[in-house]
Amino acid sequence: MNRHQQAGAMNKMLMIVISLILLLLLTVVGGGAWAVSSGRLDLSSLFQEPPPPPVQMSETPLFKDLDKFVVSLANERTQHYMMLELSLVSHDPRMPEQAEALNSVIRNALLKQFAGMTRSEVREQMAAVDQLQAQLQTSLVAAAESYGQPLAIEEVLVTNVVIQ
């Protein structure tokens with residue numbers, strides 16, 4: 001066999017290999033298209049993030065003490081202030097970090113809760129502290145949700161109040 005015949009045989013062999021590769025590629029693409037169109041292959045699941053692992057709740061309650069909160073109380077003659085200390089309670093281990101991130105939102109919700117109250121109105125609310133704590137819990141969760149953020153608190157404890 002001369003060089004010219006060898007080159008022709010190599011070209012023929014190369015064409016056969018290329019044809020087989022193209023046939024295999026068309027089969028794979030055609031099979032994939034059929035699987036997607038028939039619903040046997042769901043491509044959308046390939047582009048979704050996997051769901052986060054479930055949160056392991058704490059067996060004992062977790063507490064997050066908030067910074068002191070001072071608000072001025074309404075009065076015509078003299079200026080009065082209320083200093084309030086709160087603690088948030090939850091079994092969710094993410095709560096302390098959530099509360100820290102939402103500190104400004106929490107303080108704003110507290111300000112809205114007590115804005116415009118007089119000293120006597122605050123004292124009345126403190127007399128029914130269980131109701132006040134439930135109101136505060138509802139207000140803080142709603143405030144966080146209004147910003148699209150979770151705040152996993154189960155209870156708000158009033159730990160100290162000073163009215164001056």
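How many bridges join β2 to strand β3, and in which direction do the two strands run? Keep that in mind as you open this predicted model.

**First stop: the strand pair.** Select residues 69-73 for strand β2 and residues 80-90 for strand β3. Five bridges join the two, and the strands run antiparallel. To see one pairing, pick Val-70 and then Met-83, its bridge partner in β3. Now follow the chain from β2 into β3: the link is a hairpin of six residues.

Stay with β2 and colour its two faces. Phe-69, Val-71 and Leu-73 make up the covered face, while Val-70 and Ser-72 sit on the uncovered one. Val-70 is thus a handy landmark, as it belongs to the uncovered face and pairs with Met-83.

**Second stop: helix α1.** Select residues 3-37 and look for Ile-21 within this helix. Ile-21 counts as exposed because its relative accessible area is 53%, over the 50% cut-off. Next, add Met-13, Ile-16, Val-17, Leu-20 and Leu-23 to your selection and show the surface: together with Ile-21 they make a nonpolar patch of about 590 Å².

**Third stop: helix α5.** Move on to residues 129-146 and click on Ala-143. Is Ala-143 buried or exposed? With a relative accessible area of 16%, Ala-143 is buried, because that value is under 20%.

What does Ala-143 touch, apart from neighbours within four places in sequence? Select Val-105 and Ala-109, which are both in contact with Ala-143. Finish by drawing a C-alpha to C-alpha distance from Ala-143 to Val-105: the two are 6.6 Å apart in space, although 38 residues apart in sequence.

Key:
Residues numbered from 1 in each chain as written. Predicted model: local features only at pLDDT ≥ 70, side-chain atom pairs only at ≥ 80, totals over all residues. Heavy atoms only, no water. Helix = DSSP H or I, 4+ residues; strand = E, 2+ residues; numbered from the N terminus. Buried < 20%, exposed > 50% of the residue type's maximum accessible area, 1.4 Å probe, protein only. Contact = heavy atoms within 4.5 Å. Patch = residues over 30% accessible without salt bridge, like charges linked within 9 Å, V, L, I, M, F, W, Y side chains within 5 Å. Areas by Shrake-Rupley, 256 points an atom, 1.4 Å probe, with all protein chains shown as cover. Salt bridge = Lys/Arg side-chain N within 4 Å of Asp/Glu carboxyl O. Pairing = 2+ DSSP bridges.
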